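Here is a short tour of one model, with a look at its nonpolar cores and a couple of backbone details. Have the structure open as you read along.

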Amino acid sequence: MELPSGASITLPTHPAKGQNLHGGPSPYGWDEKVLEKVELDKATLFSGKEVQFLKDQAAGIWSLTSPDGEGGHTGTVYCEIALAALDSTAPGELGQVIIVYRAKLLDKPSTALNLTHHWGFNLGASHVANGQPKPARDLSIEEHVLTVNSKEILEHSPETGLVTGTTLSLSKDSAKAKDFRKGKTIGKVGDGYPTATEGLGQGYLGDGYDDFWVFDREPSSSAIKESELSQLDVFGQMKAE
């Protein structure tokens, strides 16, 4: 793998598909790490305004430090992750879950880092409408409607699961099943992904929602200068949008 600095590194791979997702196989992958709870006032990658917002919510910040050379990756990376559960601002509507990842490279000039999550939340499981509990069928995530504001998807290799560099339009017949701009019911056969014939997704999920959608929005700056950190207000920006 070649880094932006021009240096080349060799990374250990998962035996099944020959790729380095999550930061590599055990024990290097971040999916196996235990994060530390950070006192809000001691967070270093969130501004004072953002910390104050989190103090007023059901929220917290957790951190992880990955030392230089771990799993073959260069540089010591410090990461803070804010997770907040927000109440609804309108009667009868559900709240929101917000996750914000920030990371800082502490030494080397560059490293490879792409943080995201693939958790699922059934936010309607305890929802009560008009004073009455919702029907049992509504408590399943299969009844949820998934909407993704994207008109393009990245092609991925069936051998490794990683992107090939080719962008696919969701208006093409071969990719229409992955077009969720108008919303599709997760568990409805024929509405979402191609029907699976075996495994956990048998009957409706196909290979699961394991793809690379390109969001229809302007990307934010790829890097934040340390001098700009105190001016950040990502939660206020979300409210404005």
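## Around Phe-235

In this predicted model, a good place to start is Phe-235, which touches Glu-50, Phe-53, Leu-54, Ala-82, Ile-98 and Val-100, leaving aside residues up to four places away in sequence.

Apart from the core that holds Phe-235 lies another core, made of six residues. Among them are Ile-153, Ala-175, Phe-180 and Trp-213.

## The largest core

Phe-235 is one of the residues with the most contacts inside the largest nonpolar core, together with Phe-46, Leu-54, Ile-61, Ala-82 and Val-100. That core has 17 residues. Which elements give two or more residues to this core? They are helix H1 (48-55), strand E3 (77-86), strand E4 (96-105) and helix H2 (234-240). E3 provides the largest share, with four residues.

As general background, nonpolar side chains tend to be buried together in soluble globular proteins.

## Backbone details before E1

Two backbone features are worth a look in the segment before strand E1 (36-38), where Pro-27 lies and where His-22 is also found. The peptide bond from Ser-26 to Pro-27 is cis, with omega near 5°. His-22 has a phi near 70°, a positive value in a residue other than glycine.

For context, most peptide bonds are trans, and most residues other than glycine have a negative phi.

Is His-22 buried or partly exposed? His-22 is partly exposed, because its relative accessible area is 38%, and partly exposed covers values between the 20% and 50% limits.

Notes. Residues are numbered from 1 along each chain as its sequence is written. This is a predicted model: local features need pLDDT of at least 70, side-chain atom pairs count only at pLDDT 80 or more; totals for chains, interfaces and linings use all residues. Side-chain values use heavy atoms; hydrogens and water are left out. A nonpolar core is a set of buried Ala, Val, Leu, Ile, Met, Phe, Trp, Tyr and Cys residues joined through side-chain atoms within 4.5 Å. Buried means under 20% relative accessible area, exposed over 50%, partly exposed in between (1.4 Å probe, protein chains only). Contact means heavy atoms within 4.5 Å.
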